[in-house]
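Hi,

Here is the structure I said I'd pass along. Have a look at it first, and then read on for what turned up.

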Amino acid sequence: MSVTAEPTRAERRDVPRTVDVVVVGAGFSGMYLLHKLRAAGTSAIVFEAGTDVGGTWYWNRYPGARVDVESLSYSYSFDPDLEQRFEWQERYPTQPEILAYARHVADRFDLRRDIVFGTRTTAAHYDEAQRSWTVRTDRGDTVTARYLVMATGCLSASKLPEIPGLDAFEGETYHTAHWPHEGVNFTGKRVGIIGTGSSGVQSIPVIAAQADQLTVFQRTPAYSLPARNRKLTVDEIAGMKSRYRDYRKAQQESGFGVPTAIPTRSALEASEEERNAAFEEAWESGSLVNLLTTFTDFATNQEANDLAKHWIHDKIRSIVADPRTAEDLCPDYPVGTKRPCLDTGYYEAYNRENVELVNLRREPLVEITARGIRTAVREYEFDTIVYATGFDAMTGSLTNVDIRGRDGVSLAETWSAGPRTYLGIGSAGFPNLFMITAPGSPSVLSNMMVSIEQHVDWVCDAIAHLQEQGLATIEPCPEAQDAWVDHVNQIASHTLYPKANSWYMGANVPGKPRVFMPYAGGVGEYRKKCDEVARNGYEGFVLAR
Ligand code: NA7
């Protein structure tokens, strides 16, 4: 089976031969880029594989899909009128609600007329003599542009489990990131699901409520917090709308792009009672950031983190009735070092008669068969298999396109030992290539909307600067890039992040180099650095005529 479901062919607009900027991807990054570039009088075209805007929220339509940042926070800040007009319904909006927001923005700014839908970018080659990029698509388009911006998202190159027999299964198969637009009816079905990251954790309770039987195949348990989702009240919405400007500023200066109380105490200094109260409060709040910021040393000190880990284990044991299942659901890596999940009834789902957990650490996956899934212990028979097996995160969506910089050097080859960027925005050897929320920037460790807007603003300012100054190219200096990569690694080395086999580390893709990819120094600090670089005449970049 193929990982990518072919979108229904969309109506396509004409594709120009030359533009100032080619943008790849019409998710929240590509949409805002288009809006900003247009406002600056820069011509741009966006290529999008899907048939509409939304990116991640266009593709990930699995049951129960929601964002894990609150709606009033996970939204654009660049247009105060948009903030005031759009009415969010839920604390943690569902995928349809977020997609409706993306569509609303596309309508509001008439974005679709410059987006070529149903069109996947296959290659982008830099022409040194012309100082331009030649971009090719799977629909036979060839466009040249001065600048190329990859707005392809961090979680868009989906992956399947690396086991034999994927095509052998005779029932239905689905990947959570390529869910059919018409939905899936699991009534009366025996369903197997592989994967217990966010997509698995969110979809399992919903599928369990519908299916005859659900068997969950878990390689690594997740830490999951109850989302305590609910409808937003009129007062809450009005309250936020009245203080949005201050709130946005606080987001930009925060660590995760979500303002929160700054911890002042070590978990090791607090009494057991105080600690338990703090963890309980975070658990009850339904906010991941509250959990991650309970104590100063949560992310850096194993002993401090262990206290949270054991507390959560006790919570899991208190919810899950079967002791063996409960033990299997208790993670052993430090809390927060893999992306934690927000759920609605996840642990409770294992108390249902029709749900069974298979611990792949005890009985590894062997193959997919005609009738189901075979582990080292037995064969399980299903009508439907759901792959909630995640993504080739952060780099996959970049290296899947044949990007070639100066002298025909490929980005995928250049990054074969791990991604190397300056600020997570550019990479040496690739003039006039910008990447939105790439490795080396806070990206997935933050509220993506905050990081997206910051990158788009920075990139559009850089392009405007080049145009105003009559400059032709911008490209990271190798020395500045090396220093930035060292800095990113150094920050990560002071944290517990490298201790888990996470997709932050590339550990979920066999053969992918193990490098901690995001910048863990926080959104606020990172922004200061980017601003300083721009203020100092794009220090660390070579700008040429
Ligand atoms: P994730 O978080 O990468 O989860 C994928 C899950 O699939 C995870 O439990 C993986 O186990 C499991 N997996 C992947 N490959 C295999 C194989 N070969 N065998 C068994 N199990 C496998 O992706 P999601 O879509 O859930 O969430 C992505 C992000 O979206 C999430 O973090 C939020 O930011 C939103 P592993 O942990 O690798 O052992």
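How far does a backbone N or O atom of Gly197 lie from an oxygen atom of the ligand? The answer is 3.4 Å. Before you go further, bear in mind that this is a predicted model.

Let me stay with the ligand for a bit. Two side chains make polar contacts with it as well: a polar side-chain atom of Lys159 sits 2.8 Å from a ligand nitrogen, and an N or O atom in the side chain of Arg219 is 2.8 Å from a ligand oxygen. On its own the ligand would expose 770 Å², and the protein buries 89% of that. There are 22 residues around the ligand, and the ones that come nearest are Lys159, Ser199, Arg219, Thr220 and Lys338. By type, the shell splits into eight nonpolar, nine polar and five charged residues. Both domain 1 (18–158 + 393–544) and domain 2 (172–234 + 255–387) supply at least three residues each to the shell.

Now the salt bridges, where the count comes to 40. I picked out three pairs for you.

Arg248 and Glu83 pair up through their side chains at 2.7 Å, N to O. That pair links distant parts of the chain, with Arg248 in helix H7 (residues 244–253) and Glu83 in helix H3 (residues 80–85), 165 residues apart. Are these two buried or exposed? Both Arg248 and Glu83 are buried.

Glu172 and Lys189 form another salt bridge, with their closest N and O atoms 3.9 Å apart. Glu172 is in strand S7 (residues 172–175) and Lys189 in the loop between S7 and strand S8 (190–194), so the bridge ties together parts 17 residues apart in sequence. Glu172 is partly exposed, at 33% relative accessibility, and Lys189 is partly exposed too, at 22%.

The third pair is Lys315 with Glu280, at 3.2 Å from N to O. Here helix H10 (residues 302–319), which holds Lys315, is linked to helix H8 (residues 272–285), which holds Glu280; the two residues are 35 apart. Lys315 has 18% relative accessibility, and because the cut-off for buried is under 20%, Lys315 counts as buried. Glu280, at 29%, is partly exposed.

One more thing to look up while you have the model open: Arg13, Arg38, Asp110, Arg113 and Asp114 are joined into one network by salt bridges that share partners.

Cheers

Definitions and conventions. Residues numbered from 1 in each chain as written. Predicted model: local features only at pLDDT ≥ 70, side-chain atom pairs only at ≥ 80, totals over all residues. Heavy atoms only, no water. Near = heavy atom within 4 Å. Polar contact = N/O pair within 3.5 Å; in protein donor to acceptor, adjacent residues only side chain to side chain. Areas by Shrake-Rupley, 256 points an atom, 1.4 Å probe, with all protein chains shown as cover. Nonpolar A, V, L, I, M, F, W, Y, C, P; charged D, E, K, R; others polar. Domains from an automatic or database assignment. Salt bridge = Lys/Arg side-chain N within 4 Å of Asp/Glu carboxyl O. Helix = DSSP H or I, 4+ residues; strand = E, 2+ residues; numbered from the N terminus. Buried < 20%, exposed > 50% of the residue type's maximum accessible area, 1.4 Å probe, protein only.
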